[in-house]
Amino acid sequence: MTRPLIGISADTRPYGDETAQLVIERYMEAVIRNADVDAVLIPARPDLIDAKAVAARLDGLLLTGSPSNVAPARYGDASEGNGPFDPGRDEMTARLIAAMIDRARPVLGICRGFQELNVAFGGTLARDLGAEGRSISHHAPDGVPLAEMFGHEHDVILTPGGILASAFERERLQVNSVHFQGVDRLGEGLSVEAKAPDGVVEAISARPNGAPILAIQWHPEWQTDRDAASQGVFQIFGRALRGETPAASVRVERSRDTPHPASTSLDFARDEREETK
């Protein structure tokens, strides 16, 4: 039986003296393994790639995290903001989101992808969520090793009756927290799926034109094999791709499975040490 085909958003990154289109491998592996899909990478080149034509070939879309930030102008903020920025990705993902909604196809957003979806629905972003002095700092201190950065965690409170609460049959989850930015004003038509104890929105959902949209601020692709709740996020996406009920029960105990080497490899993830999402 043919597996669903999804697109995975790529970033524009420097590669020596050249420019690369890059996807950190853990995103690709986590979604392929746990949603049971095939995947293609979509370059952040709206000048070369026709988003509508690509969307017509896809069953779903994964919007990944990234060290780059959504440009403030994308949500009507005239301030300079905090880079780095990736204008090609901003435009490419905006077009892809619109095209997938037009075709009623599922979209899963992670970290930057979560923020891109909020902006696509008319929302705005806060840029100080990792600042000292907050009741919860949403990012680990600067200069720590990558594993320690992703080890920075807090609880999220799941919205009763929401997709995540229904799927996980829990009131709370413990999640990693690696973002300086997040939702300020919630986009129109989006439902809150989870909040941090300080009130910061951590997960959203929507169903515009029948397109199942789910997005989370944390990183379920990080060491996915060690955490059944992270696996469950991708399983929900896989069910949506197949037209199945997304809220079927998912076990969320810590998994005792031995992690696949690529799930914990730091080689290609090392440049996310300065992640600003």
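Here is a short chat about the packing in this predicted model.

Student: Which element gives the largest share of the largest nonpolar core?

Tutor: That core has 34 residues, and Ile 6, Val 31 and Trp 218 are among those with the most contacts inside it. Elements giving it two or more residues include strand S1 (5–9), helix H1 (25–35) and helix H7 (228–241). The largest share is 6 residues, and it comes from H7.

Student: Leaving aside neighbours within four places in sequence, which residues of H7 (228–241) is Ile 6 in contact with?

Tutor: Take the contacts of Ile 6 and look for numbers that fall in 228–241. Val 31, Leu 58 and Leu 62 are on the contact list too, but their numbers lie outside that range. What you're after is Phe 237 and Leu 241.

Student: And how many residues are in the second, separate core?

Tutor: This one includes Ile 42, Leu 61, Met 92 and Val 107. Its size is 25 residues.

Student: Which residue just after H1 takes a positive phi?

Tutor: H1 covers 25–35, and its buried residues include Asn 34 and Ala 35. Just after H1 there's a phi of about 60°, and the residue that takes it is Asp 36.

Student: How many charged residues are in the contact of H3 with H4?

Tutor: The two helices pack at about 65° with their axes 10 Å apart, and the crossing is right-handed. H3 brings Arg 89 and Asp 90 among others, while Arg 112 and Glu 116 are among those from H4. Alongside 3 nonpolar and 2 polar residues, the charged ones number 4.

Methods: Residues are numbered from 1 along each chain as its sequence is written. This is a predicted model: local features need pLDDT of at least 70, side-chain atom pairs count only at pLDDT 80 or more; totals for chains, interfaces and linings use all residues. Side-chain values use heavy atoms; hydrogens and water are left out. A nonpolar core is a set of buried Ala, Val, Leu, Ile, Met, Phe, Trp, Tyr and Cys residues joined through side-chain atoms within 4.5 Å. Buried means under 20% relative accessible area, exposed over 50%, partly exposed in between (1.4 Å probe, protein chains only). Contact means heavy atoms within 4.5 Å. Axes are lines fitted to C-alpha atoms, for helices over the stretch in contact, and angles run from 0 to 180 degrees between N-to-C directions. A crossing is left-handed if the near helix is turned anticlockwise from the far one by less than a right angle, and right-handed if clockwise. Ala, Val, Leu, Ile, Met, Phe, Trp, Tyr, Cys and Pro count as nonpolar, Asp, Glu, Lys and Arg as charged, and the others, Gly among them, as polar.
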